[in-house]
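Welcome! Open the structure in your viewer, keep the sequence panel at hand, and follow along one selection at a time.

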Amino acid sequence: AVPYETGISGNSLGTGKALTIYAIPEKKAKRFNINLLKRNGDIVLHFNLRFDEKAVVRNALQAGEWGKEEREGKVPFEKGVGFDLTIKNEPYAFQIFVNNDRFCTFAHRSNPHEISGIQVQGDLELLAIQIV
Ligand code: GAL
């Protein structure tokens with residue numbers, strides 16, 4: 001159920017690892033997001049779908065402050081249509097795929113080995129989460 005939050009241990013989403021989320025946006029969805037968290041509460045990746053702005057906003061929260069938003073690209077999601085979203089943690093960036101198509105890159109703004117939690121929030125039905 002959403003909101004969903006899970007802790008992950010040590011380096012289990014360190015570089016070389018990939019997180020995949022299977023979900024369906026609600027029929028009347030406005031927004032949903034996936035956050036990758038550090039132990040100190042920073043968000044190393046905030047991936048925020050906004051149907052109300054026709055945008056996918058990516059950002060990071062450091063010491064309580066949002067950084068610069070990245071919004072390039074079209075919205076690859078549809079209300080009521082299932083998708084899979086894969087976030088690959090690579091040495092210099094997260095590579096983000098939607099339905100196996102590369103959607104965007106988000107250059108790391110902090111150490112990518114310290115991810116300690118995952119949050120899924122907003123107007124979607126979460127079907128499964130997988131780390132490979
Ligand atoms: C803010 C919003 C946050 C987050 C942030 C990303 O306007 O309140 O939830 O999405 O933008 O830059």
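Start by selecting leucine 36. Setting aside residues within four places of it in sequence, leucine 36 is in contact with Leu13, Leu19, Asp42, Ile43, Val44, Leu45, Ile87, Phe94, Ile115, Gly117 and Ile118. Keep in mind as you look around that this is a predicted model.

Now widen the selection to the core. The largest nonpolar core has 31 residues, and those touching the most other members are Leu36, Phe47, Phe77, Leu85, Ile87, Phe94 and Ile96. Strand β4 gives the largest share of this core, four residues. As background, nonpolar side chains in soluble globular proteins tend to be buried together.

Next, bring up the ligand. Which residues surround the ligand? Select His46, Asn48, Arg50, Asn59, Trp66 and Glu69 to see them. By class, this shell holds one nonpolar, three polar and two charged residues. Strand β4 appears again here: the largest share of the shell, three residues, comes from it.

Look at the side chains that reach oxygen atoms of the ligand. For histidine 46, a polar side-chain atom lies 2.7 Å from a ligand oxygen. For asparagine 48, the corresponding distance from a polar side-chain atom to a ligand oxygen is 3.1 Å. For arginine 50, an N or O atom of the side chain is 2.8 Å from an oxygen of the ligand. On its own the ligand has 310 Å² of accessible area, and the protein covers 61% of that.

Stay with arginine 50 for a moment. You will find it in strand β4, which spans residues 43-50. Is arginine 50 buried or exposed? Its relative accessibility is 11%, so it counts as buried, the cut-off being under 20%. Its side chain also joins that of asparagine 48 through a polar contact of 2.7 Å. Beyond its neighbours within four places in sequence, arginine 50 is in contact with Lys30, Arg31, Ala55, Val57, Glu69 and Arg71.

From there, move on to glutamate 70, in the loop between β6 (65-66) and β7 (83-89). At 19% relative accessibility, glutamate 70 counts as buried. Show its side chain together with that of arginine 109, and you can trace a polar contact of 3.1 Å between them. Not counting residues up to four places away in sequence, glutamate 70 touches Val56, Val57, Arg58, Thr105, Phe106 and Arg109.

Now jump to leucine 124, in strand β11 (residues 124-131). Leucine 124 is buried, with a relative accessible area of 3%. Its contacts outside the four places on either side in sequence are Val2, Ala23, Ile24, Pro25, Glu26, Phe32 and Phe83. Try a distance label too: the C-alpha atoms of leucine 124 and isoleucine 34 are separated by 11 Å, while the two residues are 90 apart along the chain.

Finish with three details of the backbone. Proline 3 sits in the segment before β1 (4-7), and the peptide bond leading to it from valine 2 is cis, with omega near 0 degrees. Lysine 54, in the loop between β4 and β5 (55-62), has a phi near 50 degrees, a positive value in a residue other than glycine. Lysine 54 counts as exposed, at 69% relative accessibility. Last comes asparagine 99, in the loop between β8 (93-98) and β9 (101-107). Its phi is also positive, near 50 degrees, and asparagine 99 is partly exposed, with a relative accessible area of 36%.

Methods: Residues numbered from 1 in each chain as written. Predicted model: local features only at pLDDT ≥ 70, side-chain atom pairs only at ≥ 80, totals over all residues. Heavy atoms only, no water. Helix = DSSP H or I, 4+ residues; strand = E, 2+ residues; numbered from the N terminus. Buried < 20%, exposed > 50% of the residue type's maximum accessible area, 1.4 Å probe, protein only. Polar contact = N/O pair within 3.5 Å; in protein donor to acceptor, adjacent residues only side chain to side chain. Contact = heavy atoms within 4.5 Å. Near = heavy atom within 4 Å. Areas by Shrake-Rupley, 256 points an atom, 1.4 Å probe, with all protein chains shown as cover. Nonpolar A, V, L, I, M, F, W, Y, C, P; charged D, E, K, R; others polar. Core = buried A, V, L, I, M, F, W, Y, C linked by side-chain atoms within 4.5 Å.
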